[in-house]
Amino acid sequence: MSRAPATEVKPREGFSSRKVFIFAAIGSAVGLGNIWRFPYVAYEGGGGAFLIPYLVALLLAGIPLLYLDYSIGHRFRGSAPLSLRRLGRGAEWLGWWQVLICIVIAVYYAAILAWAGKYTVLSFTKGWGEDPNSYFFGDYLSAAETPGPTFDFVPEITLTMVLFWVVTIGVLAMGVQAGIGRTAVIFIPALVVAFIALVVISLTLDGAGSGLNAFFTPDWAALKDTSVWISAVGQIFFSLSVGFGIMITYASYVGRKTDMTGSGSVVAFANSGFELLAGIGVFAALGFMAQASGQDISEVVASGIGLAFVAFPAIINEAPAGAVLGVLFFGSLVLAGITSLISILEVVIGAIRDKVGISRRTATFVVGVPMAVASIAMFSTTGGIYLLDTLDAFVNSFGILAVATVMMLVVSGVLAKLPELEGHMDRVSSIRLRGWWRWIVGALLPIVLVVMLVRELEAKIVAPYEDYPAQLLNVFGWGMAAALPIIAIVLSLVPWRRGVLLSADPDEIEAAERAEDALIVDGGDTA
């Protein structure tokens, strides 16, 4: 095999240190789901007893899959499509499937981020009034009576979304270290401080103890329910940002001798620690709300959009330090959301840069501007909430879950690359994989994820999601899920730019990089 000239490989920009990489990875992992999904899932899964399947899922599903992403990106030094192309000629389309999933998630994630930004401002005056539910769905979103897309724009949402897209694109245009890394190093500590303050205030509220009792009191009978264990795997899976290209891309931005398994463990446990902190803060506040309203905790508990934009404003209305509580809560959503949105967009930008060889700034605007326009056009309308809900439900189940399952089957079974990836991780890391990892990723996890996929498929076939109209589900649900892998295959057939090194031999990649003195430093506006 002839070796490509060293001059054909451009120095790869990256994080300046392992610490910055860890902050960026935590920033990606810690997102909206940690704050508004985990507490409810834990409560429904047996309270304190749920921590057992949760810990098992973290150790046997989340961390091994995180290591898989790290091993691919770190060994093959590219975006998701390029790393998977170097891993095996027939695997590139999986990378493009992940890129397309990130595009879908980014366009609706920005809308939720905009809502959180608006509510941060509203918290100062409790501007949602006495009926947070009516304000959110009526006065603020002006949600259409019939679920489906509309062309009726809500100017207030449009302006807020424009602001967040400008900030996000600006950060990404600055580069991996100067933009992504620096933002994570500032935002993640700020998020931790803000959320600790939120928890402390929540714990001082009347009724906080009853909320914590509801959250932590174990229901041991729940451990006999297989759905609880599957729910724990799902929570870990989605909260760690694994399986859809983010961690592959980020791992390609760190030095070749970086301790990857040690870094991954720090990221995983930091993410879970934040989820536990979120559970304490949220349920302490819900305990206050239950006592103030004379209801049982089961009647006020909520998750997702209902928790963030309806239940929490109701708590803030009654809490002694309501304005402070609101600013901390919604400010935390903004901090967590923006670092996650940045990581999602970086998957797309990295892939475009690798494929066509354009500069970072050009790629950022080529990717960011059209996505911003699509995002605003779809989700700042009166029908945006329905599109968001549908896309989110289907892209998580039949996008992220599906591509992760297929990738594990291809890497372990078709390409038989797990021993090579394990060897690479063991050479550079403090925690040795030594065979146990191959068994989990190659056998156990695919079985579990296939079961989860089948259950999701059955659930959505038996009962139409949220009883939405068939046209909405067929286009933005089933249609979107089916189209992504097909478009991914087409993109994988597009020729790579001239000069890109497609060799599967990591030694050739390393030799070319060394010839260019391509140490992991910020490459600025390099191609």
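Here are legends for several close-up views of this predicted model.

**View 1. Helix H1 meets helix H13.** Let's start with a helix pair: H1 spans residues 18-29 and H13 spans residues 260-293. Their axes come within 9 Å and cross at roughly 40°. An angle between 35 and 65 degrees falls outside the parallel and perpendicular classes, and H1 and H13 are therefore oblique to each other. The crossing of H1 past H13 is right-handed. On the H1 side, look for Arg18, Phe21, Ile22, Ala25, Ile26 and Ala29. Their partners in H13 are Met260, Gly262, Ser263, Val266, Val267, Ala270 and Asn271. Sorted by class, the residues of this H1 and H13 contact come out as 9 nonpolar, 3 polar and 1 charged.

**View 2. Serine 263 and its neighbours.** Staying with H13, this view centres on serine 263, which lies in that helix. Is serine 263 buried or exposed? It is buried, with a relative accessible area of 0%. Leaving aside residues up to four places away in sequence, serine 263 touches Arg18, Phe21, Ile22, Tyr70 and Thr258. Arg18, Phe21 and Ile22 are also among the H1 residues that meet H13.

**View 3. Stacked rings in an aromatic cluster.** A pair of aromatic rings is described by the distance of the centres and the angle of the planes. The model has 36 aromatic pairs, counting rings whose centres lie within 6.5 Å. In one of them, the rings of tyrosine 135 and tyrosine 140 have centres 6.2 Å apart and planes at 5°, so the pair is stacked. Both tyrosine 135 and tyrosine 140 are buried. Another pair is phenylalanine 309 with phenylalanine 330: here the centres are 5.9 Å apart and the planes lie at 25°, so this pair is stacked too. Phenylalanine 309 sits in helix H15 (residues 304-318) and phenylalanine 330 in helix H16 (residues 322-356), so the pair ties together parts that are 21 residues apart in sequence. Phenylalanine 309 counts as buried at 0% relative accessibility, and phenylalanine 330 is buried with a relative accessible area of 0%. These two tyrosines and two phenylalanines belong to one aromatic cluster. Its other members are Trp115, Tyr119, Trp128, Phe136, Phe137, Phe312 and Phe329.

**View 4. Two loop residues with positive phi.** Some background helps here: most residues other than glycine have a negative phi. Arginine 77 is not a glycine, yet has a positive phi of about 55°. You will find arginine 77 in the loop between helix H4 (51-76) and helix H5 (80-87). Aspartate 467, also not a glycine, has a positive phi of about 60°. Aspartate 467 is found in the loop between helix H20 (436-462) and helix H21 (470-492). Which of these residues is buried and which is exposed? Arginine 77 is buried, with a relative accessible area of 2%, whereas aspartate 467 is exposed, with a relative accessible area of 67%.

**View 5. Alanine 416 and the buried side of helix H19.** Alanine 416 is found in the loop between helix H18 (384-414) and helix H19 (418-428). With a relative accessible area of 49%, alanine 416 is partly exposed. Its C-alpha atom is separated by 9.9 Å from that of glycine 88, although the two residues are 328 residues apart along the chain. Beyond the residues up to four places away in sequence, alanine 416 touches Val410 and Val411. Moving into H19, the buried residues are Leu418, Leu421, Glu422, His424, Met425, Asp426 and Val428. Which helices do the buried residues of H19 pack against? They pack against H4, H5, H13, H18 and H20.

**View 6. Helix H18 alongside helix H21.** In this last view, H18 and H21 pack with their axes 9 Å apart and at an angle of about 30°. Angles under 35 degrees count as roughly parallel, and that makes H18 roughly parallel to H21. H18 passes H21 in a right-handed crossing. From H18, the contact uses Tyr386, Leu387, Thr390, Leu391, Phe394, Val395 and Phe398. H21 contributes Leu472, Leu473, Phe476, Gly477, Trp478, Met480 and Ala481. The contact of H18 with H21 divides into 12 nonpolar and 2 polar residues, with no charged residues.

Technical notes. Residues are numbered from 1 along each chain as its sequence is written. This is a predicted model: local features need pLDDT of at least 70, side-chain atom pairs count only at pLDDT 80 or more; totals for chains, interfaces and linings use all residues. Side-chain values use heavy atoms; hydrogens and water are left out. Axes are lines fitted to C-alpha atoms, for helices over the stretch in contact, and angles run from 0 to 180 degrees between N-to-C directions. Helices (H or I, at least four residues) and strands (E, at least two) are DSSP runs, numbered from the N terminus. Angles under 35 degrees count as roughly parallel, over 145 as roughly antiparallel, 65 to 115 as roughly perpendicular and the rest as oblique. A crossing is left-handed if the near helix is turned anticlockwise from the far one by less than a right angle, and right-handed if clockwise. Contact means heavy atoms within 4.5 Å. Ala, Val, Leu, Ile, Met, Phe, Trp, Tyr, Cys and Pro count as nonpolar, Asp, Glu, Lys and Arg as charged, and the others, Gly among them, as polar. Rings of Phe, Tyr and Trp (its six-membered ring) pair if their centres lie within 6.5 Å; planes under 30 degrees apart count as stacked, over 60 as edge-to-face and the rest as tilted. Buried means under 20% relative accessible area, exposed over 50%, partly exposed in between (1.4 Å probe, protein chains only).
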